[in-house]
Amino acid sequence: MGFKHTGLFPEQAVNWNFAFNKIQDAKREIKVLNLFAYTGAATTFCLKAGASVCHVDSSQGMVSWAKENVKASGLENAKVRYIVDDVVKFVKREIRRENKYDAIILDPPSYGRGKNGEVWSIEKDLFNLLSDLKQLLSEKPLFVMVNTYTGGLSGSIIETALMKAFDEKDLSCVQSEEIGIKCENSSMCLPCGVTTIWEKK
Ligand SMILES: C[S@@+](CC[C@H](N)C(=O)[O-])C[C@H]1O[C@@H](n2cnc3c(N)ncnc32)[C@H](O)[C@@H]1O
């Protein structure tokens, strides 16, 4: 199920607000890589903050939807590159091209398919992908954010994976928080996943 936003940003989008604030506070040109980018909420937040974004998803339908959402948010002139491809293959190609990014966001599903049917399994493939992503980080990286919706994959597991993949010894820090959707007419939240963020100190 995708969602279409109206051009207004949801008040409770804590992890997207984190990205927005980091990009704005950097006060320099920021290049963001958004993987498994879906309908483009993270892309929209990052563009709104002034970053350029490379938006990657294997589904042409989702990428078309993201384009509509970016337009609906008044960002049609923002710097965005839309790529329909398998994330794993695309990342390997970017490494060969020596492209670099200041921030990387990924929303990997538990299980998915690349453009040509390549199988993505979070349990089998996440760590290798994170290790590859290390090679795409610029010299002054802002953050890497992993959002997961997979039962059994706790924040501390992703924290460990990030620390191992981006091994910066005591030069990096990680934090994770649950993601939830605020219920209407109630103070309760529907828990739906975990956001884990790596930053260089
Ligand atoms: C953002 S995640 C879905 C998050 C959703 N909340 C869930 O729990 O499934 C799924 C996105 O990843 C994309 N996707 C899945 N496997 C992929 C792959 N191997 N390469 C690129 N995109 C992929 C899908 O097209 C989809 O837009």
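**Reading the terms against the predicted model**

Q: What decides whether N185 is exposed or buried?
A: N185 has 5 other C-beta atoms within 10 Å, and the limit for an exposed residue is 12 or fewer, so N185 is exposed. The coordinates belong to a predicted model, in which N185 sits in the loop between β8 (172-182) and β9. Its phi is positive, about 60°, although N185 is not a glycine.

Q: How do you know whether K27 is exposed or buried?
A: The count for K27 is 8 C-beta neighbours inside 10 Å, to be set against the limit of 12 or fewer, and K27 therefore counts as exposed. This residue, found in the loop between α1 (14-26) and β1 (31-35), has a positive phi of about 50° and is not a glycine.

Q: Why is S176 given the class it has, with 19 C-beta neighbours inside 10 Å?
A: A residue is buried at 20 or more neighbours and exposed at 12 or fewer; S176, with 19, falls in between and therefore counts as partly exposed. S176 belongs to strand β8, and, leaving aside residues up to four places away in sequence, it touches G155, I158, E159, V194, T195 and T196. Its C-alpha lies 9.9 Å from that of I157, a residue 19 places away in sequence.

Q: What makes T148 buried or exposed?
A: Around T148 there are 23 other C-beta atoms within 10 Å, and since the class of buried residues begins at 20, T148 is buried. T148 lies in strand β7, and beyond four places in sequence its contacts are P108, I122, L153, I158, G193 and V194. T148 and G112 are separated by 36 residues in sequence and by 13 Å between their C-alpha atoms. Strand β7 (residues 143-148) is itself mostly covered, with five of its six residues buried.

Q: How do you know that β7 is paired with β4 and with β9?
A: Pairing requires at least two bridges between two strands. Strand β4 (residues 103-106) is joined to β7 by four bridges, and the two run parallel, with A103 having F143 as its bridge partner. On the β9 side, five bridges join β7 to residues 189-200, in an antiparallel arrangement, and N147 stands opposite T195. Both counts satisfy the requirement, so β7 pairs with β4 and with β9.

Q: Why is the pairing in the open sheet of seven strands called mixed?
A: Strands of a sheet pair through backbone hydrogen bonds, either parallel or antiparallel. In this sheet, whose order is β3-β2-β1-β4-β7-β9-β8, β1 and β4 are joined by four bridges and run parallel, with L33 partnered by I104, whereas β7 and β9 run antiparallel. Parallel and antiparallel pairs thus occur in one sheet, and the pairing is mixed.

Q: What makes β3 and β8 edge strands?
A: Strand β3 (80-84) and strand β8 each pair on one side only. Neighbouring strands of the sheet are turned by 15° against each other on average, direction ignored.

Q: Why is α2 described as largely enclosed by the rest of the structure?
A: Seven of its eight residues are buried, so the description fits α2; the residues concerned are A41, A42, T43, T44, F45, C46 and L47. Helix α2 lies across β1, β2 (52-57), β3 and β4, and runs at about 170° to β2. Angles are taken between N-to-C directions and run from 0 to 180 degrees, so a value of about 170° means that α2 and β2 point in nearly opposite directions. After α2 comes G50, with a positive phi near 105°.

Q: How do you know which residues bring α2 and α3 into contact?
A: Contact is called when C-beta atoms lie within 7 Å, and on this basis T43, T44 and L47 of α2 meet A66, N69 and V70 of α3. These contact residues divide into three nonpolar, three polar and no charged. Helix α2 (residues 41-48) and helix α3 (residues 60-72) pack at about 35°, their axes 9 Å apart, and their crossing is right-handed.

Q: What makes a residue part of the shell around the ligand, and how many are there?
A: A residue belongs if its C-beta atom lies within 6 Å of the molecule; 16 residues surround the ligand, the closest being F36, Y38, S58, S59 and G112. The shell comprises seven nonpolar, four polar and five charged residues.

Definitions and conventions. Residues are numbered from 1 along each chain as its sequence is written. This is a predicted model: local features need pLDDT of at least 70, side-chain atom pairs count only at pLDDT 80 or more; totals for chains, interfaces and linings use all residues. Ala, Val, Leu, Ile, Met, Phe, Trp, Tyr, Cys and Pro count as nonpolar, Asp, Glu, Lys and Arg as charged, and the others, Gly among them, as polar. A crossing is left-handed if the near helix is turned anticlockwise from the far one by less than a right angle, and right-handed if clockwise. Two residues are in contact if their C-beta atoms, placed from the backbone, lie within 7 Å.
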